[in-house]
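Reader: I have a model open on my screen and would like to understand the words used to describe it. Could you walk me through the reasoning behind them?

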Amino acid sequence: MALKHSFIPSSTSCMLKANYHPLRICKNHISFRPFSQSSSPTFSNSFIPKSTTPSPLFLSFLEEEDDEEEEEVDEEEEEETQQLNEPEDDPIRRFFLTRAAIQGSDPEPDPGREGKLSLQENRKTSWRLSSIADSTQDGEDEVEGIPNSLLETLSPSSKIEGVVSGIVEKAKNLPENVTLGEVLGEFEGRVGQKDCEEVLGLLGNEGLVVDCLYFFEWMGLNEPSLVTPRAYTMLFPILGRAGMSKELLVLFKNLPNRKGFKDVHVYNAAISGLLCCRRYDDAWEVYESMETNSVQPDHVTSSIMITIMRKRGNSAKEAWELFEKMNEEGVKWSLEVAGALIKSFCDEGLKKEALIIQLEMEKRGISSNAIVYNTLMHAYCKSNQIEEAEGLFAEMKRKKIAPTSATYNILMDAYSRRFQPEVVEKLLQEMEDAGLEPNVKSYTCLISAYGRLRKMSDLAANAFLRMTKVGIKPTSHSYTALIHAYSVSGWHDKAYTAFENMQREGIKPSIETYTALLDAFRRAGDTQTLVKIWKMMIRDKIGGTRVTFNILLDGFAKQGCYVEARDVICEFGKLGLQPTVMTYNMLINAYARGGQESRLPQLLKEMAALNLKPDSVTYSTMIYAFIRVRDFKRAFYFHKQMVKNRQVPDAESYEKLRAILDVKAVIKNRKDKSAIMGIVRSSMGLLKEKKKGKKDEFWKNRKKGARFHGGQQ
């Protein structure tokens with residue numbers, strides 16, 4: 001019989017709904033039609049359920065031959081009542097008896113459309129709500145705490161190891177168009193709740209998320225149900241990591257209305273899963289529903305919500321206010337809460353406040369760990385305060401807190417930005433001496449440290465080879481650092497070779513990789529390759545950043561390709577990257593170097609039209625451009641504008657500019673002074689009359705020449 005399955009999650013399981021031709025089997029006076037999980041069967045003296053849904057577990061019974069002998073209809077009620085109380089081997093009857101005990105008495109109508117549907121290959125699962133009773137068992141389940149890892153599995157015992165591993169192996173080797181629940185018939189009655197929880201964890205670790213859902217559905221189909229609150233706490237993070245937020249929300253909204261299921265650990269798992277999916281608003285709604293359902297938050301809830309507020313863009317002050325409110329409601333300080341608060345303050349650059357929180361945490365008897373120190377050190381390194389970060393590193397050692405690989409990577413990245421590769425080498429050696437293996441980030445910091453210095457690209461390449469020799473696979477960041485090293489040293493051909501090797505190894509280039517490669521050919525002045533790389537970016541649908549925009553613009557403008565430079569401005573304007581003051585500074589510099597200083601005032605008018613105010617670089621570039629062509633009048637004019645608008649450059653640059661202007665001003669002033677004094681003396685009659693000397697024989701020619709020269713003027 002061919003079936004087409006679709007997920008229908010409920011409070012206890014995700015039932016698979018199957019529609020096919022009506023069947024009628026007469027066995028033990030039970031007459032049944034296709035039934036749906038949403039219906040509520042009722043029983044009379046003749047035991048006729050009105051509407052139910054066949055599950056895959058019953059297919060073998062539904063496919064029995066129709067020529068089975070019918071038993072007599074006129075049996076006595078005493079025998080029928082006795083059969084109800086006796087254990088029944090027929091799973092269909094057990095299903096009816098159990099569902100009658102847990103469902104309401106009001107049946108829902110049968111599905112409107114019934115027909116035989118074919119099973120399609122590569123089918124997609126669709127989720128929709130299904131109304132069903134929330135209770136599953138009479139007893140209450142114990143809810144365990146959230147494990148350290150969201151996907152942590154239970155330790156297998158020798159007794160159940162074979163059952164658990166058997167289910168996992170079946171999930172790994174499923175035939176095409178077969179779901180996991182359809183092949184688990186042999187495990188009925190052999191699997192307990194703890195076994196199911198362990199299977200969920202193992203399937204999540206293997207990345208078999210869809211099989212997790214089918215297995216969760218199978219757990220609910222068992223009698224009694226194997227679904228526990230612990231199963232929800234394990235399934236929610238698995239779905240969150242897989243980005244299946246819709247399925248997570250459907251399962252959460254259909255949680256059973258049992259005390260064991262309305263537990264803080266279940267809510268924490270749901271919020272964590274939504275956090276992984278970046279569904280921050282939905283996570284906030286789940287948190288608000290805790291108060292509606294009288295669920296008391298704990299310290300894990302507090303830490304998760306503080307993290308969500310940081311991801312949403314809320315300020316650290318708002319996160320602190322939330323914690324104070326939860327603290328008044330009974331949520332105590334913990335390492336997780338303090339760590340989340342410190343991270344929020346550090347991201348905003350409030351390092352002193354973060355240190356105060358750390359001190360308050362330790363006053364309450366909560367010791368800091370390596371993660372807290374790493375967060376503080378990273379904040380100081382971002383502010384270029386490496387000395388303070390070194391102090392925290394020394395404090396870690398004094399408190400006997402073992403540094404992690406991330407601790408050393410933070411320091412190595414900071415010294416790499418300071419152009420100190422020798423310090424990075426020492427930290428790498430110290431890391432190995434401490435028993436920590438350097439990872440790809442460690443070697444990337446070393447490559448970047450050498451690559452930032454000129455004429456050290458060979459050492460950067462050696463660091464890259466050292467990384468590959470120890471068996472560490474490079475990432476796009478590693479190749480980007482290597483390409484940048486070649487770019488700074490002027491080896492654009494090697495940069496392109498490294499880029500080709502990267503593609504050959506199947507590593508997808510990032511926007512930073514393309515930007516570093518463009519910079520290499522910008523330095524080389526190869527505009528043809530610039531266009532080629534730009535087209536590759538457009539083909540791969542990689543949107544450029546502001547840095548990419550400026551590199552392309554500068555590369556074309558400096559080579560005199562003004563039309564292409566204008567095209568770059570137009571194309572990036574379509575992406576929302578409008579020209580800035582730096583954009584026009586590069587254009588002004590390019591036009592000045594190309595001998596087109598007459599276009600500079602027009603560029604200033606364009607800046608004014610875009611409400612862009614010229615800065616010190618703009619004015620300095622224009623002054624030098626006019627000095628180069630000995631147009632001192634405009635040079636002095638723009639100098640006055642620079643001083644008037646308070647856009648004077650730094651002291652060293654301005655001193656150099658003034659020295660040039662002063663020399664030109666002395667010559668100009670000397671001429672101006674001579675002219676002014678002549679006018680004053682003439683007006684006051686102080687000019688001495690020139691003595692008429694004897695004319696020489698060439699006076700006529702001199703006079704005619706002077707008159708001719710004046711006519712030309």
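Reader: Where does Asn384 lie?

Author: This is a predicted model, and in it Asn384 lies in the loop between α15 (370–382) and α16 (386–398). Its phi is near 60°, a positive value in a residue other than glycine.

Reader: Why is Asn384 called partly exposed?

Author: Asn384 has a relative accessible area of 47%. Buried would need a value under 20%, and exposed one over 50%. The value for Asn384 falls in between, so the residue is called partly exposed.

Reader: What is the phi of Phe419, and how do you know whether Phe419 counts as buried or exposed?

Author: Phe419 has a positive phi of about 60° although it is not a glycine. This residue is found in the loop between α17 (405–417) and α18 (421–433). With 43% relative accessibility, Phe419 is neither under 20% nor over 50%, so it counts as partly exposed.

Reader: Which peptide bond is cis, the one from Glu223 to Pro224 or another I should look for?

Author: Look at the bond from Glu223 to Pro224, which is cis, with omega near -5°. Pro224 sits in the loop between α6 (209–221) and α7 (229–241).

Reader: Let's turn to the helices. What makes α19 roughly antiparallel to α20?

Author: The axes of α19 (residues 440–451) and α20 (residues 457–469) cross at roughly 170° and come within 8 Å. Angles over 145 degrees count as roughly antiparallel, so α19 is described that way relative to α20. The crossing of α19 past α20 is left-handed.

Reader: Which residues of α19 and α20 meet?

Author: From α19 come Val440, Tyr443, Leu446, Ile447, Tyr450 and Gly451, and from α20 come Leu459, Ala460, Ala463, Phe464, Arg466 and Met467. By class, this contact has ten nonpolar, one polar and one charged residues.

Reader: Why is α12 called roughly antiparallel to α13?

Author: Helix α12 (residues 316–328) packs with α13 at an angle of about 160°, and their axes are 9 Å apart. Since that angle is over 145 degrees, α12 is roughly antiparallel to α13. Here α12 passes α13 in a left-handed crossing. Ala316, Ala319, Trp320 and Phe323 in α12 meet Val337, Leu341, Ser344 and Phe345 in α13. The residues of this contact divide into seven nonpolar, one polar and no charged.

Reader: How do you know whether Ser344 is buried or exposed?

Author: Ser344, in helix α13 (residues 335–347), has a relative accessible area of 5%. The cut-off for buried is under 20%, so Ser344 is buried. Leaving aside neighbours within four places in sequence, Ser344 is in contact with Ile306, Arg310, Ala316 and Ala319.

Reader: What makes Ala635 count as buried?

Author: Ala635 has 1% relative accessibility, which is under 20%, so Ala635 counts as buried. This residue is found in helix α30 (residues 632–644). Apart from neighbours within four places in sequence, Ala635 is in contact with Ile623, Phe626 and Ile627. Ala635 and Leu661 are 26 residues apart in sequence and 8.4 Å apart in space, C-alpha to C-alpha.

Reader: Which residues touch the most other members of the largest nonpolar core?

Author: Of its 176 residues, they are Phe215, Phe216, Met219, Phe236, Ile271 and Leu587. Not counting residues up to four places away in sequence, Leu587 touches Leu553, Ala557, Ala565, Arg566, Ile569 and Leu603.

Technical notes: Residues are numbered from 1 along each chain as its sequence is written. This is a predicted model: local features need pLDDT of at least 70, side-chain atom pairs count only at pLDDT 80 or more; totals for chains, interfaces and linings use all residues. Side-chain values use heavy atoms; hydrogens and water are left out. Axes are lines fitted to C-alpha atoms, for helices over the stretch in contact, and angles run from 0 to 180 degrees between N-to-C directions. Helices (H or I, at least four residues) and strands (E, at least two) are DSSP runs, numbered from the N terminus. Angles under 35 degrees count as roughly parallel, over 145 as roughly antiparallel, 65 to 115 as roughly perpendicular and the rest as oblique. A crossing is left-handed if the near helix is turned anticlockwise from the far one by less than a right angle, and right-handed if clockwise. Contact means heavy atoms within 4.5 Å. Ala, Val, Leu, Ile, Met, Phe, Trp, Tyr, Cys and Pro count as nonpolar, Asp, Glu, Lys and Arg as charged, and the others, Gly among them, as polar. A nonpolar core is a set of buried Ala, Val, Leu, Ile, Met, Phe, Trp, Tyr and Cys residues joined through side-chain atoms within 4.5 Å. Buried means under 20% relative accessible area, exposed over 50%, partly exposed in between (1.4 Å probe, protein chains only).
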